[in-house]
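Okay, everyone, thanks for coming. Let me put my structure up on the screen and walk you through it.

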Amino acid sequence: MTGPSYYHGGIPGLPVGATVLPPAMTGAPSTADYGNKLCSRHHVYVATDPVAALLYAVMHPSGCGSVYLVKPVGQLTPDPDCSSPGLSFVSFACEKAMVLRQIIFSRKERRRAMQAALVA
């Protein structure tokens, strides 16, 4: 039996096999930079829902972040800032993650995610 799939939304253009590192190591922007006290610059965040990862991808400063299927590295810790009522956590923090493949969304899906991110 296989476990859940994990997705990361962020910097565009990562190749398969690349390692996603925390913003504290790369200098990349983080939601922690914008006052989110529950987010850490020392972790990589992964989601069990690709659309949840897309919300982070569309918020990338480039305006064209990507979503990746990833393999988390290190212990997964539930993200207290991102759970669904009555359901299990949809977001987890980990040490780093390895890119397995890029997930492609249509322009319509990306626009919908951008609108949702603006409302949140």
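So, let's start with a helix cap. Aspartate 49 caps the N-terminal end of helix α2, with one of its side-chain oxygens 2.9 Å from the backbone nitrogen of valine 51. And just so it's said, this is a predicted model.

Staying with α2, that's residues 50–58. Which of its residues are buried? Ala52, Ala53, Leu54, Ala57 and Val58 are.

Okay, zooming out for a second. The protein chain has three helices and seven strands, and if you read along the sequence you get β-β-α-β-α-β-β-β-β-α.

Now, the strand I'd like you to look at is β4, residues 66–73. Six of its eight residues are buried, so the rest of the structure largely encloses it. And who does β4 pair with? One partner is β1, residues 6–10: the two run antiparallel and five bridges join them. If you want a spot to click on there, histidine 8 sits opposite tyrosine 68 of β4. Then there's β7, residues 96–103, which also pairs with β4 in the antiparallel sense, over seven bridges. The pair to click on here is valine 70, whose bridge partner in β7 is valine 99.

Last bit, some totals for the whole chain. Of the 120 residues, 35% are buried. Taking contacts with a separation of 6 or more, 71% come from residues 24 or more positions apart. And for the surface people: the chain exposes about 7,400 Å², with 59% of that supplied by carbon and sulfur atoms.

That's it from me.

Key
Residues numbered from 1 in each chain as written. Predicted model: local features only at pLDDT ≥ 70, side-chain atom pairs only at ≥ 80, totals over all residues. Heavy atoms only, no water. Buried < 20%, exposed > 50% of the residue type's maximum accessible area, 1.4 Å probe, protein only. Helix = DSSP H or I, 4+ residues; strand = E, 2+ residues; numbered from the N terminus. Pairing = 2+ DSSP bridges. Polar contact = N/O pair within 3.5 Å; in protein donor to acceptor, adjacent residues only side chain to side chain. Contact = heavy atoms within 4.5 Å. Areas by Shrake-Rupley, 256 points an atom, 1.4 Å probe, with all protein chains shown as cover.
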